[in-house]
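Biologist: Walk me through this model, one feature at a time. Start with how to read a helix crossing.

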Amino acid sequence: MISFGEKVRQLREEKGMTQQALAEKLYVTRQAVSRWEHGARYPDLLTAKKIAQVLDVSVDELLFGEELQENLENTSIPEKPAEHWIQIVLYAIVAVSYLIMCIFEKDIFIDMLKSFLAGRFGYDDYMTLGTAVSNILIFAAGFVGLIMSVRRRLGAKLTGCVMAVPCIASAFANIELCVWYWEMVLHGFISQGSVSGLVSSALIQILYAIYIWLFFYTEKRKLLYGGIVIICIYQFVQIVERIVSDALPVALIGVPRGSRSHIDDVIIIMYYLARVSLVFLLGYQAYIWNRKKRAAYKK
């Protein structure tokens with residue numbers, strides 16, 4: 001079977017067009033056309049449709065089966081410029097917010113590291129460790145997503161990995177918190193049910209991560225988009241509940257601040273901003289990916 005690149009080259013030559021002439025009609029560089037023809041890279045679906053129009057063929061004639069799937073998986077999910085910039089902005093919010101949290105909490109992390117090196121790593125340090133590792137993981141995922149989005153190299157498979165990381169990070173933080181809670185149970189301060197709730201929450205987050213990864217990884221539409229919508233709604237409701245129970249009373253009715261500083265307020269704001277952005281980012285990318293697959297495999 002003739003490959004996509006060979007097909008483009010053949011049709012271009014039949015039209016008597018040079019690579020530069022085709023590039024000008026598509027508003028891309030000659031190097032981009034050369035990479036397509038040599039099989040080094042595939043255009044996104046929007047560009048593939050433009051190529052088909054210029055060469056007077058259908059998209060089906062240009063892309064077949066595995067080539068179409070590879071095109072879907074390895075090109076950036078958003079194709080329209082506005083959609084692409086929205087994705088970049090959301091990733092930037094996540095990366096910058098978690099970077100700020102890591103910077104403001106660096107002294108706490110350093111004290112924890114000193115305790116570990118001195119052999120004084122207590123149960124309280126497990127909670128700090130869970131938060132530290134969780135924040136670093138989500139920052140790394142947001143940073144990778146941001147860089148790859150800017151380069152337009154954030155394909156579906158990588159998107160699945162990036163969007164699964166926050167769920168894994170949350171699961172890790174819950175597991176670390178379980179260690180601290182279990183110490184409280186042993187001393188009779190809290191009930192064992194609190195630990196069971198954290199374990200259940202960690203398992204749910206792991207299942208979320210697996211589902212999200214499979215949704216972006218699997219071929220065609222074997223996993224329902226509705227599952228992602230449910231995950232987004234559930235996570236958003238959890239965020240709202242935490243804001244109402246934690247942040248809102250302090251801001252609106254003057255609940256005593258205790259030992260909280262302005263830095264703590266900044267960290268809290270950054271946390272909620274980043275978590276809301278992550279939920280919208282997951283739903284946004286899933287929506288575009290589902291629409292893209294539906295259009296690609298439309299009979």
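Biologist: Is the crossing of H2 and H3 left-handed or right-handed?

Modeller: Call it left-handed if the near helix is turned anticlockwise from the far one by less than a right angle, right-handed if clockwise. Here, the crossing of H2 and H3 is right-handed. The contact (heavy atoms within 4.5 Å) is made on the H2 side by Gln-19, Gln-20, Leu-22, Ala-23 and Leu-26. H3 brings Arg-30, Val-33, Ser-34, Trp-36 and Glu-37. One caution: this is a predicted model, where local features need pLDDT of at least 70, side-chain atom pairs need 80 or more, and totals for chains, interfaces and linings use all residues. Residues are numbered from 1 along each chain as its sequence is written, and side-chain values use heavy atoms, without hydrogens or water.

Biologist: At what angle do H2 and H3 pack, and how far apart are their axes?

Modeller: Two packed helices are described by an angle and a distance, both taken from their axes. H2 covers residues 19–26 and H3 covers residues 30–37. They pack at about 110 degrees, and their axes are 8 Å apart. H2 is therefore roughly perpendicular to H3 (65 to 115 degrees; under 35 is roughly parallel, over 145 roughly antiparallel, the rest oblique).

Biologist: Which residues of H3 are buried?

Modeller: Use relative accessible area: buried is under 20%, exposed over 50%, partly exposed in between (1.4 Å probe, protein chains only). In H3 the buried residues are Ala-32, Val-33, Ser-34, Trp-36 and Glu-37. Val-33, Ser-34, Trp-36 and Glu-37 also belong to the contact with H2.

Biologist: Now the backbone. Where is Tyr-27 found?

Modeller: In the loop between H2 and H3. Most residues other than glycine have a negative phi. Tyr-27 is not a glycine, yet its phi is positive, about 60 degrees. Tyr-27 counts as exposed, because its relative accessibility is 75%. Just after H3, Gly-39 also takes a positive phi, of about 75 degrees.

Biologist: What is the phi of Arg-152?

Modeller: Near 55 degrees, a positive value in a residue other than glycine. Arg-152 sits in the loop between H9 and H10. Its relative accessibility is 34%, so Arg-152 counts as partly exposed.

Biologist: Step back. How many helices and strands does the chain have?

Modeller: There are 13 helices and 0 strands. Both are DSSP runs numbered from the N terminus: H or I of at least four residues for helices, E of at least two for strands. Of the 299 residues in the chain, buried residues make up 43%. Take contacts between residues at least 6 apart in sequence: 74% of them join residues at least 24 apart.

Biologist: Show me such a pair. How far apart are Ile-267 and Ile-100 in sequence and in space?

Modeller: They are 167 residues apart in sequence and 7.6 Å apart in space, C-alpha to C-alpha. Ile-267 lies in helix H13. Ile-267 is buried, because its relative accessibility is 11%. Beyond four places in sequence, Ile-267 touches Met-101, Phe-104 and Glu-105.

Biologist: And near the N terminus, how far apart are Glu-6 and Leu-62?

Modeller: In sequence, 56 residues; in space, 9.6 Å, C-alpha to C-alpha. Glu-6 is in helix H1 (residues 4–14). Glu-6 is partly exposed, at 38% relative accessible area.

Biologist: Now the interior. Which residues in the largest nonpolar core touch the most other members?

Modeller: A nonpolar core is a set of buried Ala, Val, Leu, Ile, Met, Phe, Trp, Tyr and Cys residues joined through side-chain atoms within 4.5 Å. This one has 39 residues. Tyr-91, Tyr-98, Met-163, Ile-212, Phe-216, Ile-228 and Leu-282 touch the most other members. The elements that give two or more residues are H7 (81–104), H9 (123–150), H10 (156–186), H11 (192–217), H12 (225–252) and H13 (262–296). H13 gives the most, with 12 residues.

Biologist: What is Phe-216 in contact with?

Modeller: Leave aside neighbours within four places in sequence. Phe-216 then meets Ile-77, Ala-156, Lys-157, Thr-159, Gly-160, Leu-282, Gln-285, Ala-286 and Trp-289. A second, separate core has 16 residues, including Met-17, Leu-22, Ala-32 and Ile-51. Leu-22 takes part in the H2 contact with H3 as well.

Biologist: Last one. Is Gln-205 buried or exposed?

Modeller: Gln-205 counts as buried, because its relative accessibility is 8%. Its place is in helix H11. Leaving aside neighbours within four places in sequence, Gln-205 is in contact with Cys-167, Ser-170, Ala-171, Gln-235 and Gln-238.

Notes:
Axes fitted to C-alpha atoms, helices over the stretch in contact; angles between N-to-C directions.
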